[in-house]
Amino acid sequence: MSKIVKETEKILRNIITSAIEQAIKNGDLPNEEIPDFIVEIPANKANGDYSSNVAMAGARVFKKAPRLIAESIVKNIDLSNTLFDRVEIAGAGFLNFFLSQKFYSEILRDVFACGEDYGKSDYGSGKKILVEFVSANPTGPMHIGNARGGAIGDCLASVLDWAGYDVSREFYVNDAGNQIEKFATSLEVRYLQHFKDDIEMPEDAYQGADITEHAENFIKEFDDKYVDVSSEERRNALVAYALPKNIAGLEHDLGRYRITYDKWFRESTLHNDGSVDKVIETLKEKGVTYEEDGALWFKASEFGNDKDIVLIRANGLPTYIVPDIAYHYNKLVTRGYDKAIDVLGADHHGYVPRMKAALTAMGIDASRLDAVIMQMVRLVRGGETIKLSKRSGKAITLNTLIDEIPLDAARFFFNLREPNSHFDFDLELAAKQSSDNPVYYVQYAHARICSILKKAAEQGVEMRTPTDEEILLLNSQEEKDLIRHLSSLTGEIVNAAKSYDPAKITHYVIELATLFHKFYNAQRVMIDDEGLMQARLYLCTAVKDTIKNILTMLKITTPEVM
């Protein structure tokens with residue numbers, strides 16, 4: 001992480017505090033306790049690089065108008081030997097601070113000193129975080145919502161890692177419960193239909209071609225071996241044959257999407273090791289359950305949920321919520337993660353308060369569970385909403401999506417909006433090789449810099465580390481804006497980690513590319529002034545390396561030629 005960026009705000013706070021103490025000592029301000037105040041980066045660059053409300057915050061304490069307090073602070077402030085050049089009073093008493101040219105030099109030095117680690121920090125202090133995402137039903141292919149969830153979850157995990165957390169990625173395999181029973185029924189019917197004419201598929205069963213394909217492949221291997229056995233034996237055999245193939249398919253498709261999980265956690269293990277039964281026992285022992293109409297209920301309404309929840313149905317079978325509680329208990333207690341983050345679809349809004357209620361009832365701090373609720377994706381081509389793949393004529397799945405558009409575009413586009421916003425995915429734009437395509441635009445900035453450096457070498461220019469005096473020549477507005485943006489990367493990654501929003505990083509790198517293109521169009525790199533030329537080549541390299549760091553973090557390629 002950039003020590004300069006990390007320390008700048010802290011240094012400025014000390015500068016302001018020292019100025020107030022000096023003003024009190026000189027009698028310019030009354031001897032009162034210094035109030036809390038804010039130091040921030042203003043949205044409008046005209047208001048400086050940093051601003052503070054300290055004069056407003058001190059009005060009640062010092063019993064003076066903010067403007068007079070600001071004047072007293074400025075009168076006693078000492079900016080010598082700091083990274084700040086000057087301070088101005090604005091409006092009713094805001095203090096606006098402007099960074100010195102030395103700051104910009106130090107940032108460039110820091111980019112090179114940190115290298116591949118530029119942007120990383122120790123903000124997370126190594127706390128253990130488990131990010132669970134996609135967790136698609138293993139009874140069928142992954143849909144477009146899983147594609148968005150995969151990109152968001154994987155990039156969020158990377159952002160958290162760069163922000164200093166110890167991050168693990170996990171896929172929760174729902175290999176037990178109602179959906180597996182439905183999967184078994186669907187397979188059984190398709191298997192028997194091959195040998196008998198009088199069997200119909202239930203309306204609520206899985207009707208996809210993948211079910212028929214599994215059944216036919218099973219027949220090729222086992223023929224009619226399971227026609228006359230018990231339904232239980234037949235269903236178990238079919239599921240044992242098809243489910244591993246589906247799970248392997250999920251792993252293959254997600255790997256193709258550049259997602260690798262640290263663990264594939266099977267729900268069945270929670271049933272087999274007694275974890276599901278333990279949840280029921282624990283909630284009973286806590287006195288938070290009751291029986292009604294033959295079912296066992298959890299008093300979830302006493303723990304923040306809008307209503308109570310059925311745990312065990314009247315038929316004696318647990319509802320889906322019970323293994324889910326056991327799974328989160330396993331994450332937070334058994335395996336001891338400091339935080340569990342679930343990336344969930346828009347239909348899971350009610351799921352989170354139910355899960356938090358159960359954790360609270362079991363004596364677990366529910367704030368250790370967070371959820372990223374992800375809204376739906378609408379696929380658009382030519383301005384029209386589409387639901388079918390142009391090639392296959394079927395609903396677009398994760399696989400058909402990355403057959404149709406570049407993989408880089410898929411990962412980047414799904415992180416262009418915050419997760420909780422609806423998103424129109426423009427398939428034509430994602431495949432377009434022009435500056436209209438944001439990922440192409442960013443990659444082109446990287447390739448353009450590679451081209452500049454290559455041409456410099458061809459012209460016999462030997463790049464070297466510029467002197468401090470030469471770096472100080474980078475004083476045009478375009479150069480300062482570019483370096484200022486470079487300086488904010490670490491903070492932006494921390495902000496993205498805090499808000500669970502990888503879109504902040506795609507926005508950051510698009511802005512970095514934009515600022516570079518502005519610089520390139522305004523300032524020539526290959527010039528007669530050798531010192532300034534070396535400083536600009538140094539700046540270009542810093543931008544190139546930072547773009548590469550960001551895209552590598554997001555698992556997006558950085559071509560050198562486009």
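I looked first at strands β8 (residues 289-292) and β9 (residues 295-298), which run antiparallel and are joined by four bridges; strands here are DSSP runs of E of at least two residues, helices runs of H or I of at least four, numbered from the N terminus, and two strands pair if DSSP finds at least two bridges between them. T289 has F298 in β9 as its bridge partner, and the hairpin leaves two residues between the strands, with D293 in the turn at a positive phi of about 55°.

I note that this is a predicted model, where local features need pLDDT of at least 70 and side-chain atom pairs pLDDT 80 or more, while totals for chains, interfaces and linings use all residues. Residues are numbered from 1 along each chain as its sequence is written, and side-chain values use heavy atoms, without hydrogens and water.

Next I looked up the largest nonpolar core (buried Ala, Val, Leu, Ile, Met, Phe, Trp, Tyr and Cys residues joined through side-chain atoms within 4.5 Å; buried means under 20% relative accessible area with a 1.4 Å probe, protein chains only). This core has 146 residues, and L160, Y257, L401, F414 and F425 are those with the most contacts inside it. Helix α22 (residues 530-553) gives the most to this core, with 13 residues. I then found a second, separate core of 33 residues, which includes V279, I309, I325 and L359.

Leaving aside neighbours within four places in sequence, I listed the contacts (heavy atoms within 4.5 Å) of Y257, among them A147, L398, R411 and F414.

Methods
Buried < 20%, exposed > 50% of the residue type's maximum accessible area, 1.4 Å probe, protein only.
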